[in-house]
Amino acid sequence: MKYLYKITSVLFLLFLISCSEEKIGESEFGTVTGRVVMADTFEPMENVKVFSSPTTSIVFTDAEGKFTIPNIKVGEYSFQAQKDSYIVKFEAVTVTANNNSEIVFELKKSTANNKPPTVPVLVSPADNSTGQAVSLDLTWTVTDPDSDELTYTVTLRNDNNSDVKTYDALKEKKVTLTDLLFGVKYYWQVTVNDGVNTPVLSAISSFTTIAFPTTRYLFVKKINDNNVIFTADDAGKQYQITSSDKNYWRPRRNNQAKKIAFIGTSASQNDIYTMNFDGTGIKKITNSVPIAGFNSDYIGYSWNASGSEFIYPNFDKLYKINSDGSGLTKIFQTPNGKFISECDWSADGSKIALKVNDANGYNAEIYVINPSGVITTSIVAGENGAIGGLNFSVTGLKLVYTKDVSGFESATYRQLDSRIFEYSFLTAASYQIVTEKVAGTNDLDVRYSPNESELIFMNTSNDGISVKNIVKTSIGVANSRAILFSGTSMPDWE
């Protein structure tokens, strides 16, 4: 019995020791989880091989770049991530009992065996080509031996100014240009980048755009709340000549000066500018004394016939300035403090027609002064309603203007029935020109055609919010009224 008791005790102790060892073993393992991403974009990487030293299980990342290695004995490990064409990355990890250790691998592309892309070949337009459109595609070809993802940068210069435009981060072998200048030679070059090697630069190619077409009409369109100036040829084809990002209006062409004048917003004031027929060479003319009146939408100025001078209003004063911005002179001031809103200068320089009004645009008058500032002729006075749109005939013997015959006046300067009138200096009388105007509309901003047998003007509904159209009609000819350009205003025809 004594021996049996000893044997039983020994077996019991062995059982306790065995149980104790199992519990210790269970607590000597941990888990490692992690993620593998690209070093430059942090995008997850799939099928990346992950293992450790000392050796544990070998696993591969899933579509989200994640991996898990369970049942790792506690201790110090060096884990590594491997994928072809990428530099192996090592991360040290301490595995602790019953805990999860996390790792993030950021793999960089290996450049050891990666070859750069080929030199880009510029395809279109062909080098030294001429007569190219002002809106076109630049295209090129390039290949990459390692099928790397390529990005492109296009640099564009021209021989007209110092502008350098850059189009970068392009994914396609093409860039669309929509704002080229007419009659200008351009130079372009492409840089290709594979994200691994030094970017590769193409040769330089050139092309020349078509010359600016012959146009005679000018008008304004509203784009992004800005007035934008357009020109059009006799066939009705339109060309935008000022930026959609600028507020420019009231264009006036002078064929002698070969320039177009217009009004533009500059800081907190409005000024007169000039530009070439194609919209290039913009130059600010006024400076210390801006063009100003009761409402910038209804203010006007005038060239002289040769294009060497302007006259323009600044509230109750009329100024003259040379077309190069020099020689600013005050030539007239209204005797009753009324604002000068519009003016026109006869071709022979002997007459200046003025439309003046109060601060609300009403109590309007039209009269003529001579170059010395003396009032010589009264055309309209003492009538209710809005008046505007002055334009001399080429002989200076007639003057057209518009008048709201309803006599309506409001705080919004709304007009209800504006019609076209002509004043004859020979008979000293005004008469309405019949234009077959649709009831409920206004004819505004009237001007003679170049041969003076027709009129061009803007017509729109008197609701003040409907579409504006530029209309042409033959003087004294029935059924000749026709819309030239829809959605436009402030016409000029030279």
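Helices (H or I, at least four residues) and strands (E, at least two) are DSSP runs, numbered from the N terminus. The model is predicted: local features need pLDDT of at least 70, side-chain atom pairs count only at pLDDT 80 or more, and totals for chains, interfaces and linings use all residues. Residues are numbered from 1 along each chain as its sequence is written, and side-chain values use heavy atoms, with hydrogens and water left out.

**View A. Y413, a loop residue with positive phi.** Y413 sits in the loop between strand 33 (398–404) and strand 34 (418–424). Its phi is near 60 degrees. Most residues other than glycine have a negative phi. Y413 counts as buried because its relative accessibility is 6% (buried means under 20% relative accessible area, exposed over 50%, partly exposed in between; 1.4 Å probe, protein chains only).

**View B. A169, a strand residue with positive phi.** The phi of A169 is near 55 degrees. A169 belongs to strand 12 (residues 164–170). At 59% relative accessibility, A169 is exposed.

**View C. The aromatic pair of F182 and Y239.** Rings of Phe, Tyr and Trp (its six-membered ring) pair if their centres lie within 6.5 Å; planes under 30 degrees apart count as stacked, over 60 as edge-to-face and the rest as tilted. The whole structure holds 27 aromatic pairs. In one of them, F182 and Y239 meet edge-to-face, 5.8 Å centre to centre, with 75 degrees between the planes. F182 is in the loop between strand 13 (174–177) and strand 14 (185–193), and Y239 is in strand 19 (residues 238–240), so the pair ties together parts 57 residues apart in sequence. F182 is buried at 12% relative accessibility. Y239 is buried too, with a relative accessible area of 12%.

**View D. The stacked rings of F294 and Y298.** The ring centres of F294 and Y298 are 6.4 Å apart and the planes are at 20 degrees, so this pair is stacked. F294 is buried at 17% relative accessibility. Y298 is partly exposed, at 29%.

**View E. Charges over rings at F277 and F425.** A charge sits over a ring if NZ of Lys or CZ of Arg is within 6 Å of the ring centre and within 35 degrees of the ring normal. The charged end of R253 is over the ring of F277, 3.8 Å from its centre. K351 lies over the face of F425, 5.2 Å from the ring centre.

**View F. The cis peptide bond from S53 to P54.** Omega is near -5 degrees here. P54 is in the loop between strand 2 (49–53) and strand 3 (59–60).
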